[in-house]
Amino acid sequence: MTDKKKNIKELPDSAAIIEEMVSKYPKKVAKKRAKAMVTNDPENKPEIQSNVRTVPGIITQRGCTYAGCKGVILGPTRDVINITHGPIGCGFYSWLTRRNQTKAGKGEENYIPYCFSTDMQDENIVFGGEAKLKQAIREAYEIFKPHSISIFSTCPVGLIGDDVHSVAREMKKELGITIFGFSCEGYRGVSQSAGHHIANNGVFTNVVGTEKPKRVGKFQINLMGEYNIGGDAFELERLFEEAGITLLSTFSGNSTIKSYAYAQSADLNLVMCHRSINYIAEMMEEKYGIPWVKINFIGAESTAKSLRKVAEFFDDAELTERVEKIVKREMSKVKKVSKEVRPDLEGKLAMLFVGGSRAHHYQDLFKELGITTISAGYEFAHRDDYEGREVIPNIKVDADTRNIEDIEVTRDDENFREDLVKKKQILEEKGYKFKEYSGMMSEMDKNSLVIDDISHWESEKLIEYFKPDVFCAGIKEKYAVQKMGVPLKQLHSYDYGGPYAGFEGAINFYRDMERMLNTRIWKMVDAPWKAEPEIVGSMNINI
């Protein structure tokens, strides 16, 4: 790749770098990894291998099933005590690592600052840990008097056979509060994605619809797949409130179990992170008739488009007028900042390897700054996240997917919304799109490189080849990448920045990119082994 990055009109074919990356692997590994690397063509999207087990020994970005269930989906919910049943390391590692923010009202419960764990020891592994789990639940209830407790299984729990669901039922009967468990052992799936699915199933089964429907506003929605990293949800709540849209529940940023309980009262579900939350959106439509649409509030243009899509659904003149007023005011502020920073950023190159939707959503922000995304991929995506939902019927169900319980959802005749079913049909006839997601590839440039579950070796080679100006990933990759002289922006936790959602979030991101990409410090970073002599040793073994 040339160092001249300005005015890139066409990306080079990435076949050469793919061949170079896989050539260093053993034959079998090379064959498998090659299927997870494709040169993109938005007009004829190539099939990519995803949601398969990571090759043992490769340094992957992925997390475990437990991390997806407890850390991602339930972690941001403030009024439930989340007990990790397992060794203390699992509980500690998933505690406050994603910067999920919340605002509890006066007198409201907020257990997010606490870390609850059964702290299993060797003797619990040998003789079982159910008694210790019951003791932990009683102790938590005695101290905090919560209305809800959830239990998360870690790897040892599944291996020794502790039945968290039986314990949950027994303790629910004893204490008279909502208690439910998750069989989310870390090894149960290939990545965090399995944990998302398990959490969706558990919340839907045990919480959603347990309270009577309520009507508190004219336009009621649920926001799904928004986790309030760095305060993202607060910015979106501000916009909804001004527009007159009632946000009943967010799954799961700045959320409560109590709000999940009457989430079936919504008129529309908005799905932001498709991978982590589409399951519960599908189940709510099947049981209650609530339609869902894919939206994106990352990027100013995408935020405006999403707000207009909501207004179009409700088809109310006053709502539409308020939305247009908000968009006009906010976009004027965004364009003012964009005009200031874009000249210094336009033409730079970015790579994004993060999450199951963020690597897609944040490309919109980079486009607004004139930054080209030359390579991107997900940690825990499925093929439909890359290629679009139209490929779902062709996705092969493997043994790992079968480890996740397939819930049978039946229609709730008492609360089913026939009016929403009719509304959906009318809007579809007018061209309004429900349940549509075209995937990341459709919006990436031709010849851009798409890689699923990228390894550390592959990241290094990409940086050497493309010489990007910014690399977006997570904490595990941050310092390894920055030692190569490339700034890394965490998009799991935003480092110390944010919010980046909505219009104000776009402005924050513009400013942060201006500071990060225009500092000269990165050009001064050099690995010490390049200047110092390499120490080489040898050893002979006489047999």
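A salt bridge here is a side-chain nitrogen of Lys or Arg within 4 Å of a carboxyl oxygen of Asp or Glu. This is a predicted model, in which local features need pLDDT of at least 70, side-chain atom pairs count only at pLDDT 80 or more, and totals for chains, interfaces and linings use all residues. Residues are numbered from 1 along each chain as its sequence is written, and side-chain values use heavy atoms, with hydrogens and water left out.

## Salt bridges

Side chains of opposite charge can pair when their charged atoms come close. The structure holds 38 salt bridges. Three of them are tabulated here, with the N to O distance for each.

| Acid | Base | N to O distance |
|---|---|---|
| Aspartate 267 | Arginine 215 | 2.8 Å |
| Aspartate 385 | Arginine 275 | 2.6 Å |
| Glutamate 387 | Arginine 383 | 2.8 Å |

Start with aspartate 267 and arginine 215, which form a salt bridge. Aspartate 267 sits in the loop between α11 (257–261) and β8 (268–271), and arginine 215 in the loop between α9 (192–206) and β6 (220–226), so the pair ties together parts that are 52 residues apart in sequence. Helices (H or I, at least four residues) and strands (E, at least two) are DSSP runs, numbered from the N terminus.

How covered are the two partners? Buried means under 20% relative accessible area, exposed over 50%, and partly exposed in between (1.4 Å probe, protein chains only). Aspartate 267 has 5% relative accessibility and counts as buried. Arginine 215, at 47%, counts as partly exposed.

Aspartate 385 and arginine 275 also link distant parts of the chain. Aspartate 385 is in helix α16 (residues 383–387) and arginine 275 in helix α12 (residues 274–288), 110 residues apart. Both aspartate 385 and arginine 275 are buried.

Glutamate 387 and arginine 383 are 4 residues apart in helix α16, a separation of about one helical turn. Glutamate 387 is buried at 5% relative accessible area. Arginine 383 is buried at 13%. Elsewhere, salt bridges that share partners join Glu235, Arg238, Glu242, Arg329, Glu330, Lys333 and Glu504 into one network.

## Helices

Helix α15 (residues 358–368) is mostly covered, with 10 of its 11 residues buried. Among them are His360, His361, Tyr362 and Phe366. Glycine 370 follows α15 and has a positive phi, near 80°.

Helix α13 (residues 300–314) packs with helix α21 (residues 502–518) at an angle of about 170°, their axes 8 Å apart. Axes are lines fitted to C-alpha atoms, for helices over the stretch in contact, and angles run from 0 to 180 degrees between N-to-C directions. The two helices are therefore roughly antiparallel (over 145 degrees). From α13, Ala300, Thr303, Ala304 and Leu307 meet Gly502, Phe503, Ala506 and Tyr510 of α21. Contact means heavy atoms within 4.5 Å.

## The sheet

An open sheet has 6 strands in the order β1-β12-β11-β10-β13-β14, with mixed pairing. Two strands pair if DSSP finds at least two bridges between them. β1 (37–39) and β14 (488–490) are at the edges, each with a single partner strand, so one side of each lacks a neighbour in the sheet. The twist averages 20° from one strand to the next.

Strand β10 (residues 349–353) pairs with strand β13 (residues 470–473) in the parallel sense over 3 bridges. Leucine 352 has cysteine 472 in β13 as its bridge partner. Helix α1 (residues 15–23) packs on the sheet and touches β1 and β12 (449–451). The direction of α1 makes about 165° with that of β1.

How values were computed:
Parallel < 35°, antiparallel > 145°, perpendicular 65-115°, else oblique.
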